[in-house]
Amino acid sequence: MNQLLLTAKLDLVESLRARWFQIYTLVFGGIVALLFVFGLTESRVLGFIGLSRLLVTYIQLTMAILPIFVLITTVRSVAGDREAGVFEYLLSLPVGLQAWFWGKFLGRYVAVFAPVFLAMLGAVIWATIVNIEVPWSMFVYYTGLLAAMGLCFLGIGMLISVVARSTDMAQGSAFMVWLVLLLFLDLILLGVMIQERVTPEVAVTLALVNPLQVFRTAALAMFDPQLIVLGPSAYVILDLFGADGFRLFALVYPALLGILSAAAGYLLFKRGDLL
Amino acid sequence: MIQFKNIGKTFRRAQVLNGIDLDIQLGERIALIGSNGAGKTTLIRCLLGEYDHQGEISIDGLDPRKHRTEVLGKIGFVPQLPPPLKMPVGQLIDFSAALCKTDPQRIHAIGKRLGLDVDGILSRQFVRLSGGMKQKLLIAIALGRDAKLLIMDEPAANLDPEARKIFFDLLAERLNDATMIISSHRLDEVSSLVNRVIEMDMGKIVIDDRVADDATLTDRLSCRIVLKRPEPAFAKALDGWNLTPDATQTTWTGDIAGPDRLRFLGIVSRYTALIADLSLSEA
């Protein structure tokens with residue numbers, strides 16, 4: 001097995017035994033279980049019935065929880081491992097830096113993506129068993145969104161872990177990043193626009209640059225392809241991308257952002273002190 | 001074999017290493033000593049390619065930073081503080097063996113020689129082992145491959161006397177084909193293991209001295225101690241040293257490892273008033 005896969009496996013095993021992973025798995029598994037328990041599959045809201053209603057709610061909740069969870073746990077464990085001497089020992093073994101960094105990224109990605117995906121898959125399997133209709137296109141697209149979301153925030157988390165030299169600093173920075181992304185969500189941008197502090201073009205651009213907003217809009221587009229709930233902003237978005245184009249953009253842009261952030265983290269990592 | 005040329009390292013504005021020049025040849029056993037903050041750990045981390053630094057370091061002509069896998073493949077490292085790894089022992093052994101291109105069974109064998117029940121702990125998390133068990137395992141991983149350079153930071157600090165004796169034997173087996181750098185903040189802990197002493201202070205080398213190494217790593221000393229009266233505290237202090245008392249619990253006899261003589265005398269010295277007779281002779 002090559003060094004990258006060895007490192008990925010190592011990181012995955014470390015993650016599986018970490019408390020953050022157990023809580024993380026419990027949270028997402030719990031969300032799906034609770035959505036079933038509260039009978040969301042039987043409810044009908046705005047034309048949503050059955051599993052589509054559950055999936056929409058699940059993706060909205062995931063968007064609220066996953067980014068901060070991934071950011072904080074990534075920086076805590078990576079920076080924490082560095083402080084605790086894990087890096088000192090493991091990096092004394094003959095492993096290339098490229099294999100080490102990307103192996104960690106890969107292992108962590110599996111740990112981050114698997115619980116959110118498996119929780120959703122569990123819901124689909126259960127729905128199949130109890131004869132609830134499964135909206136397959138929605139399931140496939142949401143899987144893509146979750147994959148892109150994991151990639152995006154894991155990449156940003158890896159970059160922060162490299163730049164911040166202590167766990168406290170890394171945690172604080174991760175929280176700040178999340179807060180900034182949260183501040184530039186549509187409602188706040190709308191408020192700023194109403195006060196005429198920024199032009200609508202700037203506000204829409206900021207929204208499109210913000211991965212949190214991109215995910216929200218893409219999830220919305222699955223049941224509102226014309227993005228009517230967004231109001232005039234929808235014209236800009238649909239003019240720019242088209243409905244399918246935006247759905248594609250919502251997958252590619254955050255994934256690219258995550259990979260580029262991780263790549264920047266790797267370049268900084270290999271240039272400076274490894275510990 | 002190892003060359004340090006004008007090595008400097010600064011953290012923010014603090015100069016931690018300052019113009020280190022050093023040549024180390026194959027077969028040398030070096031005690032790297034100095035108080036806390038002297039720069040020992042930083043120098044070791046530079047040697048392992050973990051820190052960026054000024055100057056040049058080469059091991060067999062290769063820069064550890066630019067040729068990581070080639071250089072680190074020749075180095076066995078035992079850290080002072082075991083890393084808090086959550087992975088099972090078996091996986092740590094397999095991971096290290098795969099990276100170092102060695103057979104995991106070699107690591108198992110050395111662990112067993114050190115008194116570690118390797119098969120019994122394979123599925124246990126590394127972090128849950130006792131301090132001594134962790135140390136033994138890290139030593140087994142460092143020695144269970146063809147390392148030409150062994151870097152050990154207080155390697156025997158957590159070992160019981162019996163394991164120390166075996167550890168010295170293991171080092172003795174590598175005398176002709178490995179260089180050893182043993183870091184410690186106390187010379188008496190490592191003096192009998194080395195033939196060269198390098199002392200650091202404030203990021204500089206202040207002493208670089210050859211020492212007589214008449215005591216070989218495999219020496220055994222026959223020991224006999226006669227007490228004025230039986231003393232349970234003394235018996236407890238000797239626990240693990242392989243000395244056995246006679247029926248009256250006043251005469252203790254057995255063998256101790258030659259390199260451990262100073263440490264042994266340090267323990268016995270606490271009971272000086274009790275001792276009627278003491279002899280140590282080469283077996």
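# Exercises on a predicted two-chain model

Chain A has 12 helices and zero strands. The model is predicted, and each exercise below is to be worked from its atoms.

## Exercise 1: chain A

Describe the pattern of secondary structure along chain A, the share of its residues that are buried, and the range of its contacts.

Step 1. Read along the sequence, the pattern of chain A is α-α-α-α-α-α-α-α-α-α-α-α.

Step 2. Chain A has 275 residues, and 43% of them count as buried.

Step 3. Take the contacts in chain A with a separation of 6 or more: 79% of these are between residues 24 or more positions apart.

## Exercise 2: the side of chain B that touches chain A

Find which elements of chain B touch chain A, and sort the residues on that side by class.

Step 1. Count the residues on both sides: 25 residues of chain B are in contact with 24 residues of chain A.

Step 2. Assign the chain B residues to elements. Those that give two or more residues are helix 2 (68–72), strand 5 (75–78) and helix 3 (89–100) of chain B.

Step 3. Pick out the largest share. Helix 3 of chain B supplies it, with six residues.

Step 4. Sort by class. The side of chain B that touches chain A has 15 nonpolar, five polar and five charged residues.

## Exercise 3: a helix pair across the two chains

Work out how helix 1 of chain A (residues 3–16) is placed against helix 3 of chain B.

Step 1. The two axes come within 11 Å and cross at roughly 165°.

Step 2. Angles over 145 degrees count as roughly antiparallel, so helix 1 of chain A is roughly antiparallel to helix 3 of chain B.

Step 3. The crossing of helix 1 of chain A with helix 3 of chain B is left-handed.

Step 4. List the residues that make the contact. Helix 1 of chain A gives Gln3(A), Leu6(A), Leu10(A) and Val13(A), and helix 3 of chain B gives Gln91(B), Phe95(B), Ala98(B) and Leu99(B).

Step 5. By class, this contact has six nonpolar, two polar and no charged residues.

Step 6. A general point helps in reading the spacing of such lists: an α-helix has 3.6 residues a turn, so residues three or four places apart point the same way.

## Exercise 4: a three-stranded sheet and the helix across it

Establish the strand order of the sheet that contains strands 1, 2 and 4 of chain B, and decide whether helix 1 of chain B is largely enclosed or largely in the open.

Step 1. The sheet is open, its order is 2-1-4, and the pairing is antiparallel.

Step 2. Strand 2 (14–24) and strand 4 (54–59) of chain B are at the edges; each has a single partner strand, so one side of each lacks a neighbour in the sheet.

Step 3. From one strand to the next, the twist averages 20°.

Step 4. Strand 1 (residues 2–11) and strand 4 of chain B are joined by five bridges in the antiparallel sense. Ile2(B) has Ile59(B) in strand 4 of chain B as its bridge partner.

Step 5. Helix 1 of chain B lies across strand 1, strand 2 and strand 4, and runs at about 60° to strand 2 of chain B.

Step 6. Check burial in helix 1 of chain B. The buried residues are Lys40(B), Thr42(B), Leu43(B), Ile44(B), Cys46(B) and Leu47(B). That is six of the eight residues in 40–47, so helix 1 of chain B is largely enclosed by the rest of the structure.

Step 7. Look past the end of the helix: Gly49(B) follows helix 1 of chain B and has a positive phi, near 75°.

## Exercise 5: a four-stranded sheet

Order the strands of the open sheet of four strands in chain B, and decide whether strand 13 of chain B is largely enclosed or in the open.

Step 1. The order is 11-12-10-13, with antiparallel pairing.

Step 2. Strand 11 (243–245) and strand 13 (275–282) of chain B are the edge strands, each pairing on one side only.

Step 3. The twist from one strand to the next averages 15°.

Step 4. Three bridges link strand 11 to strand 12 (residues 251–257) of chain B, and Thr244(B) stands opposite Thr253(B).

Step 5. Seven bridges join strand 10 (residues 220–227) to strand 13 of chain B, with Ser222(B) opposite Ser281(B).

Step 6. Zero of the eight residues of strand 13 of chain B are buried, so this strand lies largely in the open.

Key: Residues are numbered from 1 along each chain as its sequence is written. Chains are lettered from A and ligands numbered from 1 in the order in which they are written. This is a predicted model: local features need pLDDT of at least 70, side-chain atom pairs count only at pLDDT 80 or more; totals for chains, interfaces and linings use all residues. A residue is buried if 20 or more other C-beta atoms lie within 10 Å of its own, exposed if 12 or fewer, and partly exposed in between; C-beta atoms are placed from the backbone. Two residues are in contact if their C-beta atoms, placed from the backbone, lie within 7 Å. Ala, Val, Leu, Ile, Met, Phe, Trp, Tyr, Cys and Pro count as nonpolar, Asp, Glu, Lys and Arg as charged, and the others, Gly among them, as polar. Axes are lines fitted to C-alpha atoms, for helices over the stretch in contact, and angles run from 0 to 180 degrees between N-to-C directions. Angles under 35 degrees count as roughly parallel, over 145 as roughly antiparallel, 65 to 115 as roughly perpendicular and the rest as oblique. A crossing is left-handed if the near helix is turned anticlockwise from the far one by less than a right angle, and right-handed if clockwise. Two strands pair if DSSP finds at least two bridges between them.
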